[in-house]
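Here are my notes on the structure you passed along, written as numbered points. Have the sequence and the 3D view open while you read.

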Amino acid sequence: MFKVALQYDFLDDSMVYASAVTGIRPGGIEPTGALYDAEETTSLELGTRNILMDGRLKLNATYFSHETEGAQFSNVRGFSAYVEAQDFTQTGIQVQAEYNLTDSTILKFSALSIDSEMDGCLLYTSHAADEEDSVDLGG
């Protein structure tokens with residue numbers, strides 16, 4: 001596991017940053033006694049933070065990417081919860097703005113766009129724990 005982060009202040013009120021992080025969620029044991037593997041995630045983030053127009057405007061933008069192998073999703077079947085391991089990727093952009101129109105009026109804006117992709121996903125159509133009662137939603 002590691003984390004690397006860089007920040008550069010190119011003006012008194014403006015900066016850019018980048019970070020890369022990896023993480024692990026430990027594996028475990030199913031109610032049946034079967035073991036499941038650890039989940040591993042890598043996250044990347046690039047962004048900028050700005051205070052403009054003599055402090056009246058704050059403008060932030062971030063690009064992010066999260067890639068997870070063996071993500072642990074709980075799936076309840078009958079009276080037991082099982083862990084379904086799936087790989088997925090999320091990428092996105094977030095923009096935030098805050099503008100002080102007057103001393104007592106602030107206009108805020110926020111937008112988020114996310115693209116998510118999952119490598120295979122099972123939808124169980126009954127409480128049975130076997131593959132015959134499932135639908136593969138993966139591509």
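1. Start with Arg25. This is a predicted model, and in it Arg25 comes out partly exposed, at a relative accessible area of 41%. What does the side chain of Arg25 meet in a salt bridge? The partner is Glu39, with an N to O distance of 3.6 Å. Arg25 belongs to strand 2 (residues 14-25) and Glu39 to strand 5 (residues 39-52), so the pair ties together parts that are 14 residues apart in sequence.

2. Is Glu39 buried or exposed? Glu39 has 13% relative accessibility, so it counts as buried, the cut-off for that being under 20%. So here a buried Glu39 is paired with a partly exposed Arg25.

3. How many salt bridges turn up when the whole structure is searched? The answer is two. Besides the Arg25 pair, Glu98 forms one with Lys108, and their closest N and O atoms are 3.9 Å apart. Glu98 sits in strand 7 (residues 80-100) and Lys108 in strand 8 (residues 106-119), so this pair ties together parts ten residues apart in sequence.

4. On accessibility in that second pair: Glu98 is partly exposed, with a relative accessible area of 22%. Lys108 counts as exposed, at 61% relative accessibility. As general background, side chains of opposite charge can pair when their charged atoms come close.

5. Next, take a look at the negative charges on the surface. Glu40, Glu67, Glu69, Asp87, Asp115, Glu117 and Asp119 form a negative surface patch. Strand 6 (57-77) and strand 8 are the elements that give two or more residues to the patch. Which strand gives the largest share? Strand 8 does, with three residues.

6. One patch member to click on is Asp119. Asp119 lies in strand 8 and is partly exposed, with a relative accessible area of 49%. Strand 8 also holds Lys108 of the second salt bridge.

7. Now zoom out to the chain. The chain has zero helices and ten strands, so don't hunt for a helix to orient yourself by. Read from the N terminus, the order of elements is β-β-β-β-β-β-β-β-β-β.

8. Finally, some totals. Of the 139 residues in the chain, 23% are buried. The chain exposes about 9700 Å², and carbon and sulfur atoms supply 55% of that area. Among contacts between residues at least 6 apart in sequence, 42% join residues at least 24 apart.

Conventions:
Residues are numbered from 1 along each chain as its sequence is written. This is a predicted model: local features need pLDDT of at least 70, side-chain atom pairs count only at pLDDT 80 or more; totals for chains, interfaces and linings use all residues. Side-chain values use heavy atoms; hydrogens and water are left out. A salt bridge is a side-chain nitrogen of Lys or Arg within 4 Å of a carboxyl oxygen of Asp or Glu. Helices (H or I, at least four residues) and strands (E, at least two) are DSSP runs, numbered from the N terminus. Buried means under 20% relative accessible area, exposed over 50%, partly exposed in between (1.4 Å probe, protein chains only). Contact means heavy atoms within 4.5 Å. Accessible areas come from the Shrake-Rupley method with a 1.4 Å probe; for residues, only the protein chains shown count as cover. Patches are made of residues with over 30% relative accessible area and no salt bridge: like charges are joined within 9 Å, nonpolar side chains (Val, Leu, Ile, Met, Phe, Trp, Tyr) within 5 Å. Lys and Arg count as positive and Asp and Glu as negative; His and the chain ends are not counted. The place of a charge is taken as NZ of Lys, CZ of Arg, CG of Asp or CD of Glu.
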